[in-house]
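Visitor: Could you pick one part of this protein and take me through it slowly? I'd like to see how that part fits in with what surrounds it.

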Amino acid sequence: MLPMNSRQDWSFSAIIAGFVAVLVGYTSAAAIVFQAYQAAGASLEQVGSWFTMLGFGMGITTIGLSLYYRTPILTAWSTPGAALLVTSLPGISINDAIGIFIFANGLIVLSGITGLFARLMRYIPQALSAAMLCGILLRFGLDAFTSLQSNFSLAGSMCLVYLLARRFVPRYTVILSLIIGLIIASLQGSIAFHGQNLHFSVPEFTPPHFSWPTLIGIGVPFFVVTMASQNAPGIATLNASGYKVAVSPLIASTALVTMILAPFGVYAIGIAAITAAICMGKDVHPDPKKRYTAAVAAGVFYLLAGVLGGSIGTLFTALPPALIHTLAGLALLATLSGSLHRALSDEKQRDAAMVTFLITASGIQLFGVGSAFWGLTGGVITHCILSFRVKTQENNQ
């Protein structure tokens with residue numbers, strides 16, 4: 001049971017935002033995670049079991065952290081980490097893979113306890129965090145409209161309903177867009193479950209094995225990628241949306257839960273960025289202090305996804321891509337515009353913000369680390385150089 005004041009914070013739009021966040025998260029990255037698990041040597045039955053525990057882990061951490069801090073803190077699997085595992089785990093035994101999961105998350109726990117990661121994040125100006133978030137979300141905003149080319153009637157109807165709802169019933173824009181999308185997709189016959197049955201996968205324990213060559217060769221890069229490309233953007237998203245939460249407890253707690261669940265196939269749970277942004281927009285609730293309910297709702301949907309982990313592919317591949325892309329882009333539109341405003345509002349940080357935005361949006365991969373990290377790095381370097389130049393000129397005068 002939730003406290004009385006918590007129940008009063010709930011709204012239908014918050015529940016829908018939580019559902020959309022989970023829907024977008026699974027449909028955009030479940031295939032990569034599936035490949036990572038296959039690369040680890042997991043059987044189809046084990047993959048279903050591992051997806052089950054991932055859902056439970058993300059649900060527990062999302063609900064717990066969001067209720068504790070009264071902040072929309074969404075957790076998610078590490079998509080960049082999964083991409084690295086796809087190319088690194090072939091030829092490694094499944095027991096060694098579990099050992100890598102435990103080792104890498106142990107390093108993340110250590111980073112959280114020592115506060116090193118939190119100290120680094122404090123040096124990043126809010127304009128750069130907002131610019132990085134813009135770069136991350138840009139692709140989703142563009143996909144909402146490029147879907148017009150592949151399925152004009154579906155994407156066009158969703159966009160039109162979104163605009164009308166935005167004008168007359170702004171708190172129900174996303175749900176109305178989803179409803180019209182489902183109706184059009186059904187009429188087109190593009191929703192297909194392929195006759196598969198839903199089923200529950202029983203969690204399966206896999207004993208870990210630790211080998212220094214694999215821990216150093218795969219575990220350390222996996223740790224770096226997860227911190228740089230998952231947790232850093234996640235924390236930056238919170239900051240960019242105006243939520244100030246102690247960083248170290250977030251990092252340490254999510255990694256600790258992952259360590260405990262790692263023998264059951266949970267490879268990495270970190271702070272979400274893209275899906276979290278869906279739960280932080282004005283459409284969720286006019287009061288930013290009540291938007292945490294959207295994340296709690298997402299946590300409940302995570303748990304439901306965990307129950308059906310063995311059939312998660314069936315559930316989230318049944319919908320046409322145009323519907324998913326349009327829905328995600330429309331749900332993130334307000335967050336994208338707000339972040340863009342915060343990124344460019346301070347003239348002194350505008351150049352650095354643009355560098356951050358462009359590098360992040362480029363999608364480059366350097367040394368196995370994603371563009372979000374490099375965008376933030378480039379922005380900080382630009383900010384330091386330009387700030388130094390300005391201070392030097394002021395001193396000379």
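Guide: Let's start with a word we'll need all the way through: a residue is buried when its relative accessible area is under 20%, exposed when it is over 50%, and partly exposed in between, using a 1.4 Å probe and protein chains only. Asp-143 counts as buried because its relative accessibility is 19%. Keep in mind that this is a predicted model, where local features need pLDDT of at least 70 and side-chain atom pairs count only at pLDDT 80 or more, while totals for chains, interfaces and linings use all residues. Residues are numbered from 1 along each chain as its sequence is written, and side-chain values use heavy atoms, with hydrogens and water left out.

My pick is helix α9, residues 173-188. Helices here are DSSP runs of H or I with at least four residues, strands are runs of E with at least two, and both are numbered from the N terminus. The protein has 18 helices and two strands, and 54% of its 397 residues are buried.

First, the length of α9. The expected span of a helix is 1.5 Å times one less than its number of residues. With 16 residues, α9 should span 22 Å, and its end C-alpha atoms are indeed 22 Å apart. Right after α9 comes Gly-189, with a positive phi near 75°.

You can do a similar check on helix α5, residues 94-114: its 21 residues reach 31 Å from first C-alpha to last, close to the 30 Å expected. Of those 21 residues in α5, 15 are buried. Just after α5, Gly-115 also has a positive phi, of about 80°.

Now, what is hidden in α9? Its buried residues are Thr-173, Val-174, Ile-175, Ser-177, Leu-178, Gly-181, Ile-184 and Ala-185. Here's a handy rule for looking at that list: an α-helix has 3.6 residues a turn, so residues three or four places apart point the same way.

Next, the part of α9 that reaches the surface. A patch is built from residues with over 30% relative accessible area and no salt bridge, with like charges joined within 9 Å and nonpolar side chains (Val, Leu, Ile, Met, Phe, Trp, Tyr) within 5 Å. A salt bridge means a side-chain nitrogen of Lys or Arg within 4 Å of a carboxyl oxygen of Asp or Glu. Accessible areas come from the Shrake-Rupley method with a 1.4 Å probe, and for residues only the protein chains shown count as cover.

The nonpolar patch consists of Phe-12, Leu-160, Leu-164, Phe-168, Val-169, Tyr-172, Leu-176, Ile-179, Ile-183 and Leu-187, and together they have about 990 Å² of accessible area. Helix α9 gives the most to it, four residues, and α8 (152-168) also supplies at least two. Try finding Ile-183, which sits in α9; this residue counts as partly exposed because its relative accessibility is 42%. For the protein as a whole, the exposed area is about 17,200 Å², with carbon and sulfur atoms supplying 68%.

The far end of α9 also has a link worth finding. Contact means heavy atoms within 4.5 Å. Asn-151, in the loop between α7 and α8, touches Gln-188 as well as Gly-156 and Ala-322, not counting residues up to four places away in sequence. With 16% relative accessibility, Asn-151 counts as buried.

While you're there, look along α7, residues 126-150. The structure holds one salt bridge, and its partners are Asp-143 and Arg-139, with their closest N and O atoms 3.7 Å apart. They are four residues apart in α7, which means about one helical turn separates them. Unlike buried Asp-143, Arg-139 is partly exposed, at 48%.

Finally, step inside the protein. A nonpolar core is a set of buried Ala, Val, Leu, Ile, Met, Phe, Trp, Tyr and Cys residues joined through side-chain atoms within 4.5 Å. The largest one has 114 residues, and those with the most contacts inside it are Leu-54, Trp-77, Leu-85, Phe-222 and Tyr-267. Helix α2 (residues 12-39) supplies the largest share of this core, 14 residues. Leaving aside neighbours within four places in sequence, the contacts of Phe-222 include Leu-85, Phe-101 and Tyr-267.
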